[in-house]
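Subject: A structure for you to look at

Hi there,

Here is the structure I promised to send you. Please open it next to this email, so that you can find each place as you read.

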Amino acid sequence: MGEGIGDYTRNLIDLRRHMWLEGVEVELRRLIWQIAVVGKYISAKIHESNRKLAGFQNVYGEEQLALDRISDEIMKNKLQFSGFVREYASEELEDIIQIGSGKEKYIVTADPLDGSSLVDTNLAIGTIIGIHKESVMDCGRNTMVAALYITYGPLITMIYSAGKGAHEFVLDREGEYILSQENIKLKEKGSIFSPGGLRRDWNPAHLKFVEKLESDGYKLRYSGGFVPDINQILIKKGGLFTYPALKKAPQGKLRLLFELQPMAFIMEQAGGLATNGDQDILSVKVESINQISPIYIGSSTEVQLAKQMLS
Ligand code: F6P
C-alpha cells in the first residue's frame, strides 16, 4: 500500500522537533529557533527588492545597503528580547554590544546579510551566526556551542549544528523549517573548488595549489557569495573553498569571527576541515572582532593538500 498523506505529514520533522530529539539544551534550542525566525523576516525584506545604498560604509570600508542595516536591526532587536543573549557582535557594527542584563547564557556573532553585493544580481545570499557561551575574543573551538547559516536562494534553507552533526532544513510554504538532510557527511575528497581573490595577487605556493586542483580536474564553482559557495560544498558532499592570503592583503579578506569560524564549526561537524594554511580556523585566537584570515575549507583531502603545499 502506498503512503497516505497522513503518513507523509507524520514523517516530516521540523526544526524545533529535531533539536528536541537531538537533546539540544532548551535555551539553545529556543535561541536557534528565534534566529531561524529572523531568517524569515530578512527574506521578506529581500523580497521587497530594496537595493538602495544606505549611505554608510561598514568597518571594512564597504558600502552598506539599506538591507544590510535593516537585517542587522531585525537580528539585534529579536535577540535583545529573547532572554538568552547577553552580547551581540555583528559585522555591521564597530563593537560588541551588550543587549541583555548580563546574566543571559549566550553571546551571538552575526553576519546578518552576507554577500549583499550580490543582491542586485539575484544570486543567493545568506545569514551566518555563531553562538558562544564565553567571550568571543578567545579560541572558537572552546567557546562556540552552535553555528548556523541560512541561504536565501530559490529555496530558503538552513544548516545548523549544535555540536552533534550538521543538519539541513528547507523553509516550506507554511513557514516551517523541515528537515531535509540529517547528519550531512562529506566524502574525503570532492570534485569542485571555489577560489577567491585575483590570480595575479596570489602567492606562488597558492597558485601551485590551485594549478594542482585544476590539473586534477576539479571544476570551478565560485559565485562570489560565501554562504552559497560553502553550501554547495556541503550539499555536494565535498570540494574546497579558499580565499587566500594575497600579495597586498596577507590576511586575505574574510572575517574570522563572523564568517570563518561559524562555517568551520559546521564544516568540521560534517567531517570536513578548515585551516588558514597553518592553523585550524577554530584554533585561531580572535584578537579583534574585525580580524580577517586566509581560509581553506572543505573536504579533508583538499584541505590537507593545501596545508602541505603551503607549508
Ligand atoms: O565577505 C563578503 C563576500 O561577499 C563573501 O560572501 C564572498 O565569499 C567574498 O566576499 C567575495 O569576495 P570577492 O568579491 O573578492 O570575490
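Below is what I found, starting with the ligand and moving on to the sheets, the core and a few loops.

One thing to keep in mind is that this is a predicted model.

**The ligand**

Which residues surround the ligand? They are Asp-114, Gly-115, Tyr-222, Gly-224, Gly-225, Phe-226, Phe-241, Tyr-243, Lys-253, Leu-254, Arg-255 and Glu-259. Sorted by class, this shell has 5 nonpolar, 3 polar and 4 charged residues.

Try finding three of the contacts to oxygen atoms of the ligand. In the side chain of Asp-114, an N or O atom is 2.7 Å from a ligand oxygen. The side chain of Tyr-243 also has an N or O atom beside a ligand oxygen, at 2.6 Å. With Phe-226 you should look at the backbone instead, where an N or O atom lies 2.8 Å from an oxygen of the ligand. As for the surface of the ligand, it exposes 400 Å² when taken alone, and the protein buries 78% of that.

**Two open sheets**

Next, look at the strands. Strands of a sheet pair through backbone hydrogen bonds, either parallel or antiparallel.

One open sheet has 8 strands in the order E4-E3-E5-E6-E7-E8-E9-E10, with mixed pairing. Its edge strands are E4 (97-98) and E10 (177-181), and each of them pairs on one side only. Inside this sheet, E5 and E6 are antiparallel partners over 6 bridges. To see one bridge for yourself, pick Val-108, whose partner in E6 is Ile-131.

Another open sheet has 5 strands, ordered E12-E11-E13-E15-E14, and its pairing is mixed too. Strand E12 (219-220) and strand E14 (273-275) stand at the edges; each has a single partner strand, so one side of each is left without a neighbour in the sheet. E13 and strand E15 (residues 295-298) run antiparallel and are joined by 4 bridges. Here you can look for Leu-240, which has Gly-298 in E15 as its bridge partner.

**The nonpolar core**

The largest nonpolar core holds 50 residues, and Leu-234, Phe-241 and Ile-295 touch the most other members. Several elements supply at least two residues each, including strand E7 (144-152), helix H6 (204-215) and helix H9 (300-310). Which helix gives the most? That is H8, with 9 residues. You have already met Phe-241, as one of the residues around the ligand.

**Some loop residues**

Most residues other than glycine have a negative phi. Two loop residues are worth a look with that in mind.

- Asn-122 is not a glycine, yet has a positive phi of about 65°. Asn-122 sits in the loop between strand E5 (106-114) and strand E6 (125-132), and is exposed, with a relative accessible area of 68%.
- Lys-237 is not a glycine either, and has a positive phi of about 65°. Lys-237 belongs to the loop between helix H7 (226-235) and strand E13 (240-243). With a relative accessible area of 21%, Lys-237 is partly exposed.

Finally, go to Glu-22, in the loop between helix H2 (15-21) and helix H3 (26-47). Is Glu-22 buried or partly exposed? At 21% relative accessibility, Glu-22 counts as partly exposed. The C-alpha atoms of Glu-22 and Ala-162 are separated by 9.1 Å, while the two residues are 140 residues apart along the chain.

Enjoy exploring!

Best wishes

How values were computed:
Residues are numbered from 1 along each chain as its sequence is written. This is a predicted model: local features need pLDDT of at least 70, side-chain atom pairs count only at pLDDT 80 or more; totals for chains, interfaces and linings use all residues. Side-chain values use heavy atoms; hydrogens and water are left out. A residue is near a molecule or strand if one of its heavy atoms lies within 4 Å of it. A polar contact is a pair of N or O atoms within 3.5 Å; within protein, one must be able to donate a hydrogen and the other to accept it, and residues adjacent in sequence count only if both atoms are side-chain atoms. Accessible areas come from the Shrake-Rupley method with a 1.4 Å probe; for residues, only the protein chains shown count as cover. Ala, Val, Leu, Ile, Met, Phe, Trp, Tyr, Cys and Pro count as nonpolar, Asp, Glu, Lys and Arg as charged, and the others, Gly among them, as polar. Buried means under 20% relative accessible area, exposed over 50%, partly exposed in between (1.4 Å probe, protein chains only). Two strands pair if DSSP finds at least two bridges between them. A nonpolar core is a set of buried Ala, Val, Leu, Ile, Met, Phe, Trp, Tyr and Cys residues joined through side-chain atoms within 4.5 Å.
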